[in-house]
Each structure stands twice: as C-alpha cells, then as structure tokens.
Amino acid sequence: MTAHQDTAPATTGRLRAAWRSAHTPVPGVPRWARIAAYAIPFTVLPSGLWRIMTVVFHIGDDGVHGRGQLPSWLPGPVYIIALSVFSELLAFTAVGLIAAWGEVFPRWIPLLGGRRVPPLAAILPAALGATILTVLWTAAFATSLFGLTVRGDRLPSDFPTESMDGWQLAFFNSTYVPLLLWGPLLAAVCFAYWRRRCGRTAHAGVPRTAS
C-alpha cells in the first residue's frame, strides 16, 4: 500500500470530523433554531449560483450585473465570483450561533483559541446584521418593483429586471427572493443564542436538552 493510499483515509476522516464540528449543535439548541441556522446558507446560495452562471454561461449582459462603480483594474468576473463566495461564507457564520465554535473559539485561532466567546461578541454583530439584512433586502425588493434603486434612482438599463424577460427574468427573481428570509432567520437564531447563553436558564446553570 502506498503512502498516498495510507493518508487518503486519514484526510477524509479529518474532513468529516471538521464538518461535524462545524455543524453539530451544542446541547440546549432547540430544533427550530437548528433548522433556521442550517437554512440560512441556502437562502444565499441561489443568488450566488446565479451570479456565477452569468460569468460562466454569459446569461444576461455578459456577467456584468452588479459590478457597480468598481475600479477598472478589478475584472467583473473576479468581483462576481468573490462576492458570491464571500456572501456564502458570511451566511455560514450563522451556524456558529448553534455550534460549539460559536461558544468556544477554535484552537487554531491565535491567542483566542480555546477561550470562551463572550456572548455579546456574537449577539451584537448577529442582531445588527439581522436588522441590516432585513431592512436592506426588503427595501431593495420593494423599490425594484417601481424600477428604482434603494437610493431612489432609476435602475440602470443593464440591471437584470430591466434587461431580461421570460424565463431568464423568472429564474433571476426565484434566486433572489430567498434573500428576504436571511435577516429574519438570522434574528431568530440570534434570539435562541441569547436565550441559551444569557437567559434565566443559563444563569441558573440548569442543563437543557435540545428539543
């Protein structure tokens, strides 16, 4: 048996362990909070895939949608793919509100590894993010119905809802509508995190079981 064959199962085992560690909820997380946390990345995934498809398959206006006022040295496709990956990683941080790495810093983090996460260090960003996301996407969808940007300007001619029709427009809308759930779901998970770590039961030290 070669060294490669020896290390392959070990690598697979480490990846599985890391996956479980990143997703497994801690005791006391209610079932509804687990579902909400796991659903958040899937509310962001369709729009990310759509943006990547505009680059790969040149759907719409050759993948330049959403480029905005970026500097000329930044290629549009690079920006779109980077934005999609970043959005998905940001959405995945919601899972930390139900998993162990949201209560104890992972050991690979310098200086902080193994220390408890201060509750407010997670609650405040999550609550602020939930508020911003809810307001932002609700306003974006409401104004787009009238052909306007959030700032009240007319939508540019290359904006998908202005330049597309038929199945492309329907598909575009179906990929972005789930973003309306991102903020409310994050708020729900944040509430469960606050109740678990700062609520009366947490202070009393009474063990709680996941429902």
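**Exercise 1. A buried charged pair**

Determine whether Arg-196 and Glu-103 are buried or exposed in this predicted model, and work out which parts of the chain their pairing ties together.

*Solution.* Begin with accessibility: Arg-196 is buried, and Glu-103 is buried as well, where the term requires a relative accessible area under 20%. Next, consider the distance between the two side chains, whose closest N and O atoms are 2.8 Å apart, and this pair forms a salt bridge. Finally, place the partners along the chain: Arg-196 belongs to helix α7 whereas Glu-103 sits in the loop between α3 and α4, so the bridge ties together parts that are 93 residues apart in sequence. As background, side chains of opposite charge can pair when their charged atoms come close.

**Exercise 2. The other salt bridge**

Find how many salt bridges the structure holds, and describe the one formed by Arg-151.

*Solution.* The count for the structure is two salt bridges. Arg-151 pairs with Asp-153, and the closest N and O atoms of these residues are 4.0 Å apart, a distance to be read against a cut-off of within 4 Å. As for their surroundings, Arg-151 is exposed because its relative accessible area is 75%, whereas Asp-153, with 41% relative accessibility, counts as partly exposed.

**Exercise 3. Overall architecture**

Describe the secondary structure of the chain, and then state what percentage of its residues count as buried.

*Solution.* The chain comprises eight helices and zero strands, so that, read from the N terminus, its elements follow the order α-α-α-α-α-α-α-α. Of its 211 residues, 33% count as buried. The accessible surface comes to about 13,000 Å², and carbon and sulfur atoms account for 69% of that area. Turning to contacts between residues at least 6 apart in sequence, 69% of them join residues at least 24 apart.

**Exercise 4. Aromatic pairs**

Establish how many aromatic pairs the whole structure contains, and classify the arrangement of Phe-92 and Trp-101.

*Solution.* A search of the whole structure gives seven aromatic pairs. For Phe-92 and Trp-101, the ring centres lie 5.8 Å apart and the planes meet at 20 degrees, so the pair is classed as stacked, since planes under 30 degrees apart fall into that class. Phe-92 is partly exposed, at a relative accessible area of 26%, and Trp-101 likewise counts as partly exposed, at 27%. Elsewhere, ring pairs connect Trp-50, Trp-137, Phe-141, Phe-171, Phe-172 and Tyr-176 into a cluster.

**Exercise 5. Helix α4 and its surface**

Identify the nonpolar surface patch that includes Leu-136, and then examine the surroundings of Thr-143.

*Solution.* The patch consists of Leu-128, Ile-132, Leu-136 and Val-150, which together offer about 370 Å² of accessible area. Of these, take Leu-136, which lies in helix α4, spanning residues 119-144, and counts as partly exposed because its relative accessibility is 41%. Thr-143 also lies in helix α4, and a polar atom of the Thr-143 side chain is 3.2 Å from the backbone oxygen of Ala-140. When neighbours within four places in sequence are left aside, Thr-143 is in contact with Leu-148, Thr-149 and Val-150; Val-150 is also one of the patch residues.

**Exercise 6. Two prolines and an unusual backbone angle**

Locate Pro-25 and Pro-184, and explain what is notable about the phi angle of Leu-111.

*Solution.* Pro-25 is found in the loop between α1 (3-23) and α2 (31-56), and with 27% relative accessibility it counts as partly exposed. In space, the C-alpha atoms of Pro-25 and Val-95 are 8.4 Å apart, although these residues are 70 residues apart in sequence. Leaving out residues up to four places away in sequence, Pro-25 touches Arg-34, Tyr-38, Ile-98 and Ala-99.

Pro-184, by contrast, is placed in helix α7, residues 182-198, and is partly exposed at 39% relative accessibility. Pro-184 and Leu-133 are 51 residues apart in sequence, with their C-alpha atoms 8.3 Å apart.

For the backbone angle, Leu-111 has a phi near 70 degrees, a positive value in a residue other than glycine. Most residues other than glycine have a negative phi. Leu-111 sits in the loop between α3 (76-92) and α4, and is exposed, having a relative accessible area of 81%.

Technical notes:
Residues numbered from 1 in each chain as written. Predicted model: local features only at pLDDT ≥ 70, side-chain atom pairs only at ≥ 80, totals over all residues. Heavy atoms only, no water. Patch = residues over 30% accessible without salt bridge, like charges linked within 9 Å, V, L, I, M, F, W, Y side chains within 5 Å. Areas by Shrake-Rupley, 256 points an atom, 1.4 Å probe, with all protein chains shown as cover. Helix = DSSP H or I, 4+ residues; strand = E, 2+ residues; numbered from the N terminus. Buried < 20%, exposed > 50% of the residue type's maximum accessible area, 1.4 Å probe, protein only. Phe/Tyr/Trp six-rings, centres within 6.5 Å; stacked < 30°, edge-to-face > 60°. Polar contact = N/O pair within 3.5 Å; in protein donor to acceptor, adjacent residues only side chain to side chain. Contact = heavy atoms within 4.5 Å.
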